[in-house]
Amino acid sequence: MAEVIKKGKKEKQKLWGGRFSEDNNPLFVRFNESLSFDYRLFSYDIKATEAFTEALCEINVLSDNELKALHQALAEIEHEVNNNPYLIQQAINDGVEDIHTFVEQSLVDKIGDLAYKANTGRSRNEQVSCATRLWVLDHIEHLCDLIKALQAAFVTQTKANVDVFVMGYTHLQQAQPITWGHYFLSFYEMLKRDYERLIDIKKRVNVSPLGMGAIAGNAWALDRQKMADALGFDEIAKNSLDAVSDRDYIIELLAAISLIGTHLSRFAEDMIIYSTTEFGLVEMSDLVTTGSSLMPQKKNPDAMELVRGKAGRLNGYLVALLTTVKALPSGYNKDLQEDKEALFAAVDTVSDLLKVTTITVESLAVNKDKNYDGSFCVATELADYLSKKGIAFRKAHHIVGEITAYALSKNKSLTDLTLSEFQHFSVMIDDDVYQVLSIESAVNSKTAMGGTAVANVAKAISAIEEIIQDAI
């Protein structure tokens with residue numbers, strides 16, 4: 001029988017106390033517990049226990065009546081906890097170590113000694129791995145849904161601004177004109193990769209460790225494949241030593257989440273800059289901005305600044321777990337308990353970032369009247385123009401550089417130069433050069449696949465909508 005720890009008038013049992021003659025130090029009890037965060041695995045531990053006890057029944061460790069009693073008790077416990085979450089807090093206060101202990105103790109309270117048969121041959125090492133994998137599978141689905149919602153918001157903005165011109169920047173200097181539609185679809189593509197990474201990770205999460213024991217495997221003739229099928233896993237782990245300590249799937253997920261955060265942070269940075277008076281490209285709605293306690297005119301991009309700031313946390317969770325795992329010896333080590341807080345916090349944080357960014361995109365107002373007349377952003381078009389006249393591009397590039405320097409010295413734009421001024425640098429330039437130097441011409445000349453031409457963006461929208469329709 002497991003050791004009993006006295007807590008006032010209550011008695012709580014450990015899963016491992018038979019070898020010990022003294023109670024743990026109260027500080028160590030608090031230091032050691034994980035119920036305060038792994039309670040989130042509760043429903044998954046219930047599911048895994050149901051599958052495991054069914055397997056025990058099939059090898060006659062449990063009778064049909066015992067199995068029925070266990071499952072009835074598990075259902076009651078799940079119902080009670082879901083309707084009274086304080087039961088978890090009460091267990092934490094009572095010194096219950098983790099969610100697996102909580103479930104077993106709750107079973108004992110319900111059905112007495114029969115509860116002790118439920119974990120015949122099962123280790124917490126496999127329990128925590130199994131429940132965590134089930135949790136991750138569900139939450140990958142949730143993150144995928146949030147990504148699709150944000151992608152839809154970007155597509156909506158693309159359609160509304162498919163032919164609205166905006167400056168494209170490199171090194172935060174004016175580079176070449178693009179369309180807002182092209183800009184928004186660039187983030188759609190980043191999110192597409194994020195989505196695909198999550199789907200790929202699922203393959204390595206979707207592996208059942210149930211029936212692997214603590215390290216060496218299971219001495220009972222359990223049907224591991226049948227348990228895996230009951231829980232919806234695609235396959236079973238092949239090596240017990242690896243299975244109980246494998247956290248690769250969590251590290252992969254944290255890496256994918258870190259990249260999602262990076263992409264959202266880049267968008268946030270754009271919105272913070274583009275919404276300034278100096279840029280004046282967008283205005284974020286009151287839904288996601290705040291004011292100043294002193295300066296009444298201010299409209300601060302707090303939502304985007306927090307997205308940018310919290311993305312740093314996501315990197316931290318990844319590095320923290322990598323650091324934890326990098327020097328662990330083979331087999332399970334208690335250090336691995338550190339995976340839960342990083343995992344839960346990362347998923348919670350990136351979920352909020354995706355939701356807040358979706359609201360920001362949906363409510364974003366684009367300045368459709370921004371005027372780029374006089375910008376030197378069409379200089380590349382002039383170089384292309386000369387190349388099409390037969391001048392090698394590198395030489396044409398040099399000529400346009402000289403023309404640009406001349407125009408700047410005269411305080412003129414390229415379109416302000418006279419034909420004779422152009423021809424001073426190249427006699428190949430003719431009257432048709434002015435058509436090439438318009439923003440509209442520059443944008444719509446980029447017709448190669450993936451370019452910013454309005455027709456290209458419209459085709460991209462159609463292709464995306466077709467994919468969405470096929471998925472319905």
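This is a short chat about loops, strands, helices and aromatic rings in a predicted model.

Q: What kind of model is this, and how are residues numbered?
A: The model is predicted: local features need pLDDT of at least 70, side-chain atom pairs count only at pLDDT 80 or more, and totals for chains, interfaces and linings use all residues. Residues are numbered from 1 along each chain as its sequence is written, and side-chain values use heavy atoms, with hydrogens and water left out.

Q: Start with the hairpin. Which way do β3 and β4 run, and how many bridges join them?
A: They run antiparallel, and six bridges join β3 (165–170) to β4 (173–179). Strands pair if DSSP finds at least two bridges between them. Strands are DSSP runs of E, at least two residues, and helices are runs of H or I, at least four, numbered from the N terminus.

Q: What's in the turn?
A: Two residues lie between the strands, and histidine 171 in the turn has a positive phi of about 60°.

Q: Which residue in β4 is the bridge partner of tyrosine 169?
A: Glutamine 174. Tyrosine 169 also belongs to a cluster linked by ring pairs, with Trp180, Phe184 and Phe267 among the other members.

Q: How many aromatic pairs are there in the whole structure?
A: The search finds 17. Rings of Phe, Tyr and Trp (its six-membered ring) pair if their centres lie within 6.5 Å; planes under 30 degrees apart count as stacked, over 60 as edge-to-face and the rest as tilted. One of the pairs is tryptophan 180 with phenylalanine 184, stacked at 5.4 Å centre to centre and 25° between the planes.

Q: Where do those two sit in α8?
A: They are four residues apart in α8 (180–205), so about one helical turn separates them.

Q: Buried or exposed?
A: Tryptophan 180 and phenylalanine 184 are both buried (under 20% relative accessible area; exposed is over 50%, partly exposed in between; 1.4 Å probe, protein chains only).

Q: New topic. Where is asparagine 60?
A: In the loop between α3 (42–58) and α4 (64–83). Asparagine 60 has a positive phi, near 70°. Most residues other than glycine have a negative phi. Asparagine 60 is exposed, with a relative accessible area of 67%.

Q: And where is asparagine 411 found?
A: In the loop between α15 (393–409) and α16 (419–425). Phi of asparagine 411 is positive too, near 60°. Asparagine 411 is exposed, with a relative accessible area of 74%.
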